[in-house]
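Subject: Structure handover

Hello,

Please find the structure below, with the sequence alongside. My notes on what was found in it follow.

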Amino acid sequence: MEVLRSNLGRVRIPEPTTRIYKHECCISFDTPKSEGGLFVDMNAFLAFGKDYVGWNYEKTGNPVYLHIKQTKKTEDAEDRPSKKPTLLAIGIDGGFDNSEPQYEEAYEIVILPDYVTLPFPSVELPEKVRLAVDAVLLAEGAERKEQLASWTADKKLVSKYATDLLQLDNGVVVPPVGWKCAKCDKTENLWLNLTDGTILCGRKNWDGTGGNDHAVNHYRETGYPLAVKLGTITADLEGADVFSYPEDESVVDPLLAQHLAHFGIDFSSLQKTEMTTAERELDQNINFDWNRIQETGEDVEPLFGPGYTGLVNLGNSCYLAATMQVVFSMRSFCLKYYSDQSLKAAFSMAPADPTVDLNMQLTKLAHGLLSGKYSAPVLEKDDTTSADSSPKQEGIRPRMFKSVIAASHPEFSTMRQQDALEFFLHFIDQVERMNSGKPDFDPSRSFKFGIEERLQCPSGKVAYNRRNDYILSLNIPLEKAINKKELAEFQNLKSKKAAEGKELSADEIVRPRVSLKDCLDCFSAPEEVHEFYSTALKARTTAIKTAGLTSFPDYLVLHMRKFVMEEGWVPKKLDVYIDVPETIDVSGMRSNGIQPGEELLPDSDAGDGEQSTKLLANEDIVAQLVSMGFNLLHCQKAAINTSNSGVEAAMNWLLEHMNDSDIDAPISQNVQNPDIDQSKIDTLLSLGFEEKLACRALKASGGDVERATEWIFSNPSASAASDMDAATSGGAAVDPLLPDGGGRYRLLGFVSHIGTSTQCGHYVAHIHKDGRWVIFNDEKVGVSKNPPLDMGYLYFFERLES
C-alpha cells in the first residue's frame, strides 16, 4: 500500500470528457478476455495487454494500472430468463438476445515495475484511487463511444418549414457530383440550400477544420431555412441529412424528393411499386453473385495461423477488410509494418496517444493479421464438440485503424458502405504522405507507375504527355464479348418468355464474357482526338492518341469499370464476366517514347494563342455539362480528356476525376512542364530553388508544394538535372523514384463486389497464398474451392522477376 501511496501523484481522476480506453490494447488486439487481461494506465487512460504494459511504463514512467480480466461464466442458457424483445436491436436492453457468452469481470490495482498487486474494491485503497477506478469503470469506453456515435441516429422531427418551403425559380440545376462551395474552394462538408440551390460549406470546427461557415452565414443573410448535406442523399432519401437553421437541428423533410427535383435531382425513378423484368433479372443475378462470390454452399475448410487472421465486420466495413487483407499479402507492406518494424519500435516512435498514429495502428494491424496470435480455432457456442460443429476464429476488430485512417475522410468514419477503390486510393495517399521525403521506405510506391500519351497529327509530328498513377482503370468493351452466340440465344429466350408472361430463372441468364486482354488492349488502342489544334498545320484537325506505361510497378492494380451512369445520372452496374488468367504479360504496353525519325510538334507561336499539345474542348459537350451545373473549367477538361467523344464519356471522366488535386489547375500550362501546374513551380522558384529541381520535386510529390519542399530538403544531394527534359522531348525515360521491371505478372488477389452499387452490398477478398486460393470474408477465412476469378472489381497482380 505504501508503494501505491508514494505514486498517488501519477494517478488522475478522469473528467467526463476524458477518452478512456478499456476494451482493447492500443498497440495489440488484446482485450480483457485475453489470457493476461488488460491494464489501464490510470494517468493516460490507455489500455495495454500483458506483454506490452511494461513498454508503456518504460516510455512514460506511469506506474499505476487498473487490471481488468474477464472470465466466461459457466451458467447454462436456460438459466437466463427469456424476455420478449421490445426493440429491433441485438445485444442491448430491450433488444434480441445475441446469445453471446456472459463474462464476469475481476479487477485489481497493479503497480509497476514490480507488479505489486492490490485488490479492488477495497476500503483500504486511497480515496483518490477508488474515485479514479470507479470513474473508469462507469465511463463508456472510447472504443464503444466511437462505434455508438457512428451507429446512433437521433430521432428527427418533421420541420415546420418543409411543407410551405419557398423555392426560387432561378434555373439552378445541381449535378450529381463535382460540388464546390460557391464562396471558397471547399469540396467537402457541402450543403445545398433548398430555397435558392446555392451550394455552400458547413460550419468551422473549433480546431479550424470543417467548413468556413458559408452555409450558416447564407441563412443569416437570406433567412432561407433548410439545407441538405450533399453526399448524404440516398436512393430512398431516408439517409439524407437535412438541417433547419431556425430550428437549429437535423430534421425530416417529407417533401425532400420534390424539393430536390426542383434543382434537377430526380430520384423518383428509384421509387417504384413494381419491379420491371430487368429489375427481376438483376435481383436474381445479385442472389447468384452473393452465393458464388462468398462460395455459399461450399464445404469451406477453415484456415488458421500466421497470415490467416480474419477481420470482424464493424458494420459495413467489409470494403476495408477485403482491401487490407490483400494489401498485407504484399511483400512491401509486410516488410515495412511487420518484418522490419516491431510493435515496440512503432510504439516508441508514436506520440503520447498511439491510437491516433497511423504508423502505430498500421503496425498493430500488420502484427494482428500476420503473427497468427489471434487466429486460433474456437468453438461456436460452448466447449463441447459434436459432429456438426466446426471450429472458427474470432478474428480481430480494426476499430483503431479505421478511426485513424478515416480521420481525414468523413465518409469512411461512418457505418455506411463505401467504395473499395476509393478507400484503397485514400489509404495509399495517407501512407505516401506519412512517408513523405522517404521514398526508399514508402511501401505505397510499389503500386506507382507512369502513363504516357502520344498524340500524332496528320502532319506526322507528335506530342507526349505524362502522368503518374496507382491503379490502371480499364473500360470493359462489351462489344468484344467472346460468347456472342450464347448471348443471342439468351435474348431470344428472354423475348419469348416475356411474351408468355414468364420469368427467367437464374440458371437461364447469360452474361457477356469479356477477356482481360481485350480490356487492356482497349486502354492502349489508338483513338481519334477531334478538334485537336496542330501547331504544325496551324489549324484544328483530328489527331490519333495512344497510351502506354513508362514503368511497370511491383504490384499492378487493375480496376474494372463496372459502374456506369445511365439516364438520370443513376449509377448502374455492368452485368459482365471478365476472363482473367492467373498470369499476364503487359510488356507490349510499355511506352517507347520518341522514336528515331519522329519529330515533335513545334511550340506555339506567341500569336497563335493556342498550345501545341492542347486539344480544344468541344463547345456543345461543354455547354451541355455546364447546363447541368458543372464548373466550366471541369467541363472543358472532361471534354479534352475524353477526346470530345461525347457527353456520356465526359460525364464518366468527371465522376472519376472530381477529387484530383489538379482539377482546378488552368488548362494552359507551361509547355516545358506539361504535367505540372506552373503556379506551383513559381511558388518553389520564389523560395530560391532552381526550376529543374522544383519540377523534379513536384513530380516526386504528386504536385503537392509542401511535400515537394520536404522532398528537396530530404534529398540535399538530388541533382538539379531533371527527367523533365526527356518528357518534353518525347522520351520515355523512367522516373528514378518509380519501381520498374519486366511486364510479366502473377495474380496475387482480387476484391469482388456484390450489389447494385459501390455504396451498398458486400466485398470479399480472394488471395493466392501458399499455393492455394484463400477466401477472406470478414472474420471467416478458408480454402477457396472455386475462386470467382471472373467476378472481380479490383485485381492485384505481382510482378514476376525475370
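R445 counts as partly exposed, because its relative accessibility is 22% and buried would mean under 20%. The coordinates come from a predicted model, which applies to everything below. R445 sits in the loop that links α13 (420–434) to β12 (449–456). Its C-alpha atom is 6.8 Å from that of L738, although the two residues are 293 apart along the chain.

Overall make-up

The chain has 802 residues, and 48% of them count as buried. It contains 22 helices and 27 strands. Taking contacts between residues at least 6 apart in sequence, 69% join residues at least 24 apart.

The sheet with β12

The strand that follows the R445 loop, β12, belongs to an open sheet of four strands in the order β13-β12-β17-β16, with antiparallel pairing. The edges are β13 (462–469) and β16 (527–534); each has a single partner strand, so one side of each has no neighbour in the sheet. From one strand to the next the twist averages 35 degrees. Between β12 and β13 there are eight bridges, in the antiparallel sense. Within this pair, I451 stands opposite R467 of β13.

Nonpolar cores

Nonpolar side chains tend to be buried together in soluble globular proteins. Here the largest nonpolar core holds 54 residues, and the members that touch the most others are M324, F328, F401, F427 and F447. The largest contribution to this core is from helix α8 (residues 318–327), which supplies eight residues. A separate core has 39 residues, including L38, L46, I111 and A132.

Helix α8 is largely enclosed by the rest of the structure, because 10 of its 10 residues are buried. The buried set includes polar residues as well as nonpolar ones: T323 and Q325 are on the list along with L320, M324 and V327, among others. Two residues of α8, L320 and M324, are also among the contacts of F401. Leaving aside residues up to four places away in sequence, F401 further touches L358, Q361, L362, L365, F423 and F427.

Helix packing: α9 and α11

Two packed helices are described by the angle between their axes and the distance between the axes. For helix α9 (residues 331–339) and helix α11 (residues 358–370), the axes come within 8 Å and cross at roughly 105 degrees. The pair is therefore roughly perpendicular, since the range for that class is 65 to 115 degrees. On the α9 side the contact is made by C334, Y337 and Y338, and on the α11 side by N359, L362, T363, A366, H367 and L370. By class this contact comprises six nonpolar residues, three polar residues and no charged ones. L362 of α11 appears in this contact and also touches F401.

Helix α2

In helix α2 (residues 53–60) the buried residues are V53, G54, W55 and N56. What do the buried residues of α2 pack against? They pack against three strands, β1 (38–41), β2 (47–49) and β3 (64–72), and against helix α10 (343–349). G61 comes after α2 and has a positive phi, near 80 degrees.

Strand β27 and its partners

Strand β27 (residues 792–799) has seven of its eight residues buried, so it is largely enclosed by the rest of the structure. β27 runs antiparallel to strand β18 (residues 555–560), to which five bridges join it. In that pairing, F797 of β27 is the bridge partner of L556. Strand β23 (residues 744–754) is also antiparallel to β27, and here seven bridges make the connection. G749 stands opposite F796 of β27.

Strands β7, β9 and β10

Strand β9 (residues 226–229) pairs with strand β7 (residues 190–193) over three bridges in the antiparallel sense, and N193 stands opposite A227 of β9. Three bridges also join β9 to strand β10 (residues 242–244), again antiparallel. There, L226 has S244 of β10 as its bridge partner.

Regards

Notes: Residues numbered from 1 in each chain as written. Predicted model: local features only at pLDDT ≥ 70, side-chain atom pairs only at ≥ 80, totals over all residues. Heavy atoms only, no water. Helix = DSSP H or I, 4+ residues; strand = E, 2+ residues; numbered from the N terminus. Buried < 20%, exposed > 50% of the residue type's maximum accessible area, 1.4 Å probe, protein only. Pairing = 2+ DSSP bridges. Axes fitted to C-alpha atoms, helices over the stretch in contact; angles between N-to-C directions. Parallel < 35°, antiparallel > 145°, perpendicular 65-115°, else oblique. Contact = heavy atoms within 4.5 Å. Core = buried A, V, L, I, M, F, W, Y, C linked by side-chain atoms within 4.5 Å.
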